[in-house]
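Here are my notes on the model you asked about. Have the 3D view open while you read, and click along as we go.

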Amino acid sequence: TFLFGECPRCFWLKYNLGVTRPGFMPLVGPMAAMQEKTFQGKTSSDLGLKTQGGLVTSWGQTVISEPIKVKGKLTKWFIKGKYDLVLSFTNSKAAIIDCKVTTGAMDEKKLELYKPQLEAYAFALENPQNGEPVDVVETGLLMWRVSGANTDSEKLGPVFQTEPSYLYSNRDPHFFQKFISRVIELLHGDLPSEGESCTFCKYLNKRSAAISSLGLAG
């Protein structure tokens, strides 16, 4: 979602040529794993969901979808990713829950940002490369907003304080099909222009210009 929206060129290079720009998010992985671990085997009520009768039965698993169709035709592309939590219900249906830790607002804009990711997980579970499909009836974001710090706890030591929130997202397979069609059309085309807001491309351009001005090879 982020790379596709920020820079078509970086996105195209990553998936067509395997050229991935460096990233630096050292806390995201460990914090997500800690958050995910606290909900293993918990119920809908434990997660603060309005939907009742669910139990977290799976977590941290990689899902791979069958090849994606665009306009009725199979492509070489498929979804591969690792979800956080799957909440199973007694009627053989399920919910995909993605865990997030944030310092910002917990509002509908977050759902818009992560909707493609949630729907991609749901698509992969409903259209698996192998195994039985899962009927995903709900997706949502389980968010912890870091709101402060506390150094008074003798047992735990210094701790960060968080405010939990669950953002429910309506299923929208039609949205996902339109979105993924745009993605695949971009990947099948020629190398696109860089994104106007891509700081990485701006850096490379300035770097190349600076090297050229010194009369050095790039």
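The points below go from the whole chain to single residues.

1. First, a caution: this is a predicted model. The chain has seven helices and nine strands. Its C-alpha atoms fill a box of roughly 65 × 55 × 25 Å, taken along the principal axes. Of the 218 residues in the chain, 34% are buried. Look also at who touches whom: among contacts with a separation of 6 or more, 63% are between residues 24 or more positions apart.

2. Now for the inside. In soluble globular proteins, nonpolar side chains tend to be buried together. Here the largest nonpolar core has 36 residues, and Ile-79 and Ile-96 have the most contacts inside it. At least two residues each come from H1, H2, strand E7 (93-102), H5, strand E8 (135-150) and H6. Which of these supplies the largest share of the core? That is H5, with nine residues. There is also a second, separate core of twelve residues, including Phe-39, Leu-85, Phe-89 and Ile-97.

3. Ile-79 is a good residue to click on. Leaving out residues up to four places away in sequence, it touches Val-63, Ile-64, Ser-65, Ile-68, Ala-120, Phe-123, Ala-124, Phe-176 and Ile-180. Keep the last name in that list in mind, as Ile-180 comes back in point 5.

4. Helix H6 deserves a slow look. You can check its length yourself: it has 16 residues (173-188), and at 1.5 Å a residue it should span 22 Å, which agrees with the 22 Å between its end C-alpha atoms. Its buried residues are Phe-176, Phe-179, Ile-180, Ser-181, Val-183, Ile-184, Leu-186 and Leu-187. When you look at how they are spaced, remember that an α-helix has 3.6 residues a turn, so residues three or four places apart point the same way. What covers the buried residues of H6? The cover includes helix H1 (2-6), helix H2 (8-17), strand E3 (69-70) and helix H5 (108-126).

5. Zoom in on Ile-180, which sits in H6. Is Ile-180 buried or exposed? Its relative accessible area is 8%, so it is buried, the cut-off being under 20%. Setting aside neighbours within four places in sequence, Ile-180 is in contact with Ile-68 and Ile-79. For a sense of distance, its C-alpha atom is 16 Å from that of Asn-16, and the two residues are 164 apart along the chain.

6. Next, how H2 meets H6. Their axes come within 9 Å and cross at roughly 75°, which means that H2 is roughly perpendicular to H6. On the H2 side you will find Pro-8, Phe-11, Trp-12, Tyr-15 and Asn-16, and they meet Val-183, Leu-186 and Leu-187 of H6. By class, that contact has seven nonpolar residues, one polar and no charged. The buried residues of H2 are Cys-10, Phe-11 and Trp-12, and their cover includes H1, H6 and helix H7 (199-213).

7. H5 and H6 make another crossing. Here the axes come within 10 Å and cross at roughly 100°, so H5 too is roughly perpendicular to H6. H5 brings Lys-115, Pro-116, Glu-119, Ala-120 and Phe-123, while H6 brings Pro-173, Phe-175, Phe-176 and Phe-179. This contact has seven nonpolar, no polar and two charged residues.

8. Over in strand E8, find Leu-141. With a relative accessible area of 0%, Leu-141 is buried. Not counting residues up to four places away in sequence, it touches Asp-98, Lys-100, Lys-110, Leu-111, Tyr-114, Leu-118, Ser-165, Tyr-166 and Leu-167. Take Leu-118 from that list: it is 23 residues from Leu-141 in sequence, and their C-alpha atoms are 8.6 Å apart.

9. Last, some backbone angles to look up. Most residues other than glycine have a negative phi, and most peptide bonds are trans. Lys-71, in the loop between E3 and strand E4 (73-74), has a positive phi near 55°. It is exposed, at 75% relative accessible area. Ser-92, in the loop between strand E6 (85-88) and E7, has a positive phi of about 70° although it is not a glycine. Ser-92 counts as exposed at 62% relative accessibility. Gly-18, just after H2, has a positive phi of about 75°.

Notes:
Residues numbered from 1 in each chain as written. Predicted model: local features only at pLDDT ≥ 70, side-chain atom pairs only at ≥ 80, totals over all residues. Heavy atoms only, no water. Helix = DSSP H or I, 4+ residues; strand = E, 2+ residues; numbered from the N terminus. Expected span 1.5 Å × (residues − 1). Buried < 20%, exposed > 50% of the residue type's maximum accessible area, 1.4 Å probe, protein only. Contact = heavy atoms within 4.5 Å. Core = buried A, V, L, I, M, F, W, Y, C linked by side-chain atoms within 4.5 Å. Axes fitted to C-alpha atoms, helices over the stretch in contact; angles between N-to-C directions. Parallel < 35°, antiparallel > 145°, perpendicular 65-115°, else oblique. Nonpolar A, V, L, I, M, F, W, Y, C, P; charged D, E, K, R; others polar.
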